[in-house]
Structures are given as structure tokens and as C-alpha cells.
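Hi,

Here is the structure I promised to pass on to you. My notes on it follow below, so have a look at it first and then read on.

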Amino acid sequence: MSNLFAIAYPDVATAQAVRSEALGLQKQKLIDLEDVVVVERRGDGKIKLHQAVSTTGAGAASGALWGGVIGLLFFMPFLGAAIGGATGAAVGASTDIGVDDNFMRTVGEKLQPGSAALFLLVRTATADKVVPALAQYGGEIIQTSLSDEAEEHLKTAMKSAQAHTAGV
């Protein structure tokens, strides 16, 4: 079962830096992410989701491939690829994987204009390595799917790691 973590940051650049760090930790096999999204509340109050994975692009590529193959059967591979790509993009755009977009928008409404939050849907993690790596960026845990006790333990560990990073 995956756990959800939402961490608020003062700006989008910091949230994106933390996302890059988390993705780097995933390459090192220290964390297994199901989804990672930066949610930005712009100065005008609008919410923007910065997805790590574009389902639209993947759908378009897959649709173009299958459309081209089917188009070969009817001697119109380019038309088949174009129609398949458009259809795949539409299906990909309507597909929501990982953290629910509406939920992220609702939480994003609570952010201050100009700030951002990072949503991490974590399958597994090596906490003693991941927490210090992400804590160096600061941030405030605004929501988790952990028990109250485990969430408090995480907040304490983050504060300790932040203090240790500041002292170094």
C-alpha cells in the first residue's frame, strides 16, 4: 500500500528541486514513487499541476503506433497514425493515474498565492536516507496518509534533519 505525502514550499522552484531530488533518490533505489506532482498556486490564485509523467504524450505515441499498424491494413498508414495519435492523446489527457487531480487542486486552494506543494505517492522508502535528503529543502508537511503517531514522528525527523543540515 502506498503512502501520500503533501509538503508545502514557499515557491515553485523549491518544490521542483525537491521533486528532482526525489526522482534522483528513486534512481538510487532509495524510494519507489508511484506518483510525484508539483502543485502551484499562482499569484492570481489559479492552481497549476506540474505532472512528472505526461499521459497525453504517452497516449499520443501509443495511438499513433497502433493507428499506423491498423492503417497499413487499409493502405493508409499515415492517416491511421494521425487518427490514432489524436485519439490516443485524447484518451491520455483524460486518464488520471496516481494522486487524484481534484484532490490536489482542493489542497492547492489552501496554499498562499505564489507558493507550491509537492505530492509524493510513495510505495516504499528507506526513511533514514530519504528524510534527510528531502528535509534539507525545508518545507512543511501539510497532509499525509500516515497514522497520527507516524506523522508526528515524521515531522520530528524532518525538523531534526533540517536542524542538522542548517548546523553543517
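Ala17 sits in helix α1 of what is a predicted model. With a relative accessible area of 30%, Ala17 falls between the limits of 20% for buried and 50% for exposed, so it counts as partly exposed. Its C-alpha atom is 8.3 Å from that of Tyr137, although the two positions lie 120 residues apart along the chain.

Now to the interior. The largest nonpolar core is made up of 26 residues, and Leu25, Leu33, Leu118, Leu120 and Leu134 have the most contacts inside it. Two or more residues each come from β1 (3-9), α1 (12-27), β2 (31-41), β4 (116-125), α5 (127-135) and α6 (148-167). Take Leu25 as an example: beyond its neighbours within four places in sequence, Leu25 touches Leu30, Ile31, Val130, Ala133 and Leu134. There is also a second core, separate from this one, with 14 residues, among them Ala6, Leu49, Met104 and Leu111. As general background, nonpolar side chains in soluble globular proteins tend to be buried together.

You may also like to look at the pockets. The largest pocket holds about 420 Å³ of space. Its lining has 21 residues, and Phe5, Ala125, Ala127, Val131 and Leu154 are the closest to the centre. β1, β4, α5 and α6 each give two or more residues to that lining. Which classes of residue line the largest pocket? The lining has 16 nonpolar residues, along with three polar and two charged ones.

Happy to talk it through whenever suits you.

Best wishes

Key:
Residues are numbered from 1 along each chain as its sequence is written. This is a predicted model: local features need pLDDT of at least 70, side-chain atom pairs count only at pLDDT 80 or more; totals for chains, interfaces and linings use all residues. Side-chain values use heavy atoms; hydrogens and water are left out. A nonpolar core is a set of buried Ala, Val, Leu, Ile, Met, Phe, Trp, Tyr and Cys residues joined through side-chain atoms within 4.5 Å. Buried means under 20% relative accessible area, exposed over 50%, partly exposed in between (1.4 Å probe, protein chains only). Helices (H or I, at least four residues) and strands (E, at least two) are DSSP runs, numbered from the N terminus. Contact means heavy atoms within 4.5 Å. On a 1 Å grid over the protein atoms alone, a cavity is a set of points where a 1.4 Å probe fits but cannot get out, and a pocket is an open set with protein on both sides within 12 Å along at least five of seven lines; lining residues have an atom within 4 Å of a point. Grid points are joined across faces, edges and corners, and a volume is the space filled by probe spheres set on the points. Ala, Val, Leu, Ile, Met, Phe, Trp, Tyr, Cys and Pro count as nonpolar, Asp, Glu, Lys and Arg as charged, and the others, Gly among them, as polar.
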